[in-house]
Amino acid sequence: MSYMALYRKWRPTTFEDVKGQDHIVQTLKNQITSGRIGHAYLFCGTRGTGKTSIAKIFARAVNCEHPVDGSPCGECQTCKNIASGASLNVVEIDAASNNGVENIRDIREQVQYPPTEGRYRVYIIDEVHMLSTGAFNALLKTLEEPPSYVIFILATTEIHKIPITVLSRCQRYDFKRITIQTLTARLKELSEAEGIDVEDKALTYIAKAADGSMRDALSLLDQCVAFHFGERLTYDHVLDILGAVDTTIFSKMFRAVRQEQTTQCIYELEELVLQGRELGQFVTDFIWYLRNLLLIQATDDAEDILDMSTDNRKLLEEDAKMADGETLMRYIRVFSELSNQIRYASQKRVLVELAFIKLTKPQMEHSYDSIIERLNKIEDQLEEGVPVNPSMLAGMTSPVTQMAVSQAVGPTEPEVPREQVALPKAQYEDLELIRNEWGKIVRTLGGVIRSSFRDTVVEPSGEGCLCVVFASVDNFEIGRRPTIMGELEQYVKNTYGKDIYFKARLMGTGERMDTVYVSDEELRERIHMDIAIEEE
Ligand SMILES: [Zn+2]
């Protein structure tokens, strides 16, 4: 028999099996028992939190002939047909690979005909944020007037990429990260069912590493079991397999930070890199280490919460005496910020080094932004061939600063010419209008918009849509909210008579925002040849 991954084998088939999303499950069950079923649902939340599983159960439950307390019975013909894949009533679409207008048009064709058996045809569109603007517009038309027998369940990990027009037509459900306790309990339950011999501590560590995702937790367990097949899976095994760093290393680094030994931190980091440790995981674990120090300071009886060996706990208790709570909080802030940035960064190591410099040299943190700003100016001048005035380097002369500067600039990338993109005339004109007026719009709207829209750039995002690109995570979290985007849209409509949808996104690390946009008309005239226009 071929091996089936745990997360596939144990995918929940009834609402009762779903863990950690009680608020959502209860609401959906109530809708089924009371017969108040909606036509468009939006499931959002991080990966592995049960969005697709719940969507599938819901799709079966609405069609089931005898639902039991809102869950599908699993016995009736409809339930059986759906389970075996023979039914046409549940259609799953992965928008990552079917993101064009024609894919959505296919659906619009299909929904004209009612299902021949069962009550509802349910379309589950996974990764819906990947749809093109044109596809979203096509979908919108169906969402506006859905036939009574059609249900759409849209699932996404990136809610901010969904147009407001679509959001406003869906019942929205926010899936929570699953807690470590819930994950651990489920892992324990499945290990017992599978006859896997494993230490509780090992399961807790796997749950912690899964970061709120049930799918990741089960995949990690799979991976660990495969490594030590037939033996008892211990905590040490798990640490080893997941590339976790020993507590003593964190302790060493923490002490070096307290003694302001920047070089020592960077040396320890180098060791970890040489050992092939994954830096993203290191950052997550270091945050946990700092959090544990805070816990020890805050409670008399941290023993139960910490779940670690006596030796390690003693070490932590000593470390906890070396910094006050406020300092620890600052360290956690610096590293939390880092953990957001590091995921998609190409120069992970430089970012971690910079974070350690921030910790060891607190005075640097305030002036960091200004250093980058001055650096940019210098770079611009160098590019234009203007000799750099040495006074611009004033205040950037300490060895640590120089190190930060040279690492931030990093290995110089080859000069890439600015990309030129042609837009349809109408889109180009909208973009030009809003870009020219942007400063004024932001100032006039004032309030939250004025403060959170600092350092934003507007870019084209298809027909009738513009995207506000934020440089800072914090501002992005504030500025991307639907109410804010709505206010912006209303203002643009009232002031310029334009119906423009606004989206928001966060600028990627190292992303160059220097694309030149031209109208396709202009470009055609200029180069006298046909050019490919960006679709939609
Ligand atoms: Zn049934």
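**A zinc site and a cluster of aromatic rings**

The zinc ion is held by four sulfur donors, Cys64 (SG), Cys73 (SG), Cys76 (SG) and Cys79 (SG), at 2.2 to 2.4 Å; donors here are N, O and S atoms within 2.8 Å of the metal (3.2 Å for Na, K and Ca), and since water is not among the atoms, sites may look incomplete. The model is a predicted one, in which local features need pLDDT of at least 70 and side-chain atom pairs count only at pLDDT 80 or more, while totals for chains, interfaces and linings use all residues. Residues are numbered from 1 along each chain as its sequence is written, and side-chain values use heavy atoms, with hydrogens and water left out.

Around the zinc ion, the four donor atoms subtend angles of 100 to 119°, so the arrangement is tetrahedral (four donors with all angles between 85 and 135 degrees). Along the sequence, the donor residues follow the spacing C-x8-C-x2-C-x2-C. Cys64 and Cys76 are twelve residues apart, both in the loop between α3 (51-63) and α4 (77-84); helices are DSSP runs (H or I, at least four residues) numbered from the N terminus. Cys64 is buried at 0% relative accessibility, and Cys76 is likewise buried, at 7%; buried means under 20% relative accessible area, with a 1.4 Å probe and protein chains only.

Turning to the aromatic side chains, the structure holds 20 aromatic pairs, where rings of Phe, Tyr and Trp (its six-membered ring) pair if their centres lie within 6.5 Å, and planes under 30 degrees apart count as stacked, over 60 as edge-to-face and the rest as tilted. One of these pairs is Phe282 with Phe286, stacked at 5.9 Å centre to centre with 20° between the planes. Both residues belong to helix α14 (residues 279-298), and because they are four residues apart, about one helical turn separates them. Phe282 is buried, with a relative accessible area of 1%, and Phe286 also counts as buried, at 1%. Phe286 forms a further stacked pair with Tyr289, at 5.9 Å centre to centre and 15° between the planes. This second pair lies in helix α14 too, its members three residues apart, or about one turn of the helix. Tyr289 is buried, with a relative accessible area of 3%.

Phe282, Phe286 and Tyr289 take part in a wider cluster, in which ring pairs also link Phe250, Phe254, Tyr331, Phe335 and Phe356.

A ring also meets a charge in this model: the charged end of Lys201 sits over the ring of Tyr235, 4.4 Å from its centre (NZ of Lys or CZ of Arg within 6 Å of the ring centre and within 35 degrees of the ring normal).

Key:
Helices (H or I, at least four residues) and strands (E, at least two) are DSSP runs, numbered from the N terminus. Buried means under 20% relative accessible area, exposed over 50%, partly exposed in between (1.4 Å probe, protein chains only). Four donors count as tetrahedral if all angles lie between 85 and 135 degrees; four count as square planar and six as octahedral if opposite donors are over 155 degrees apart and all others between 65 and 115; anything else is irregular.
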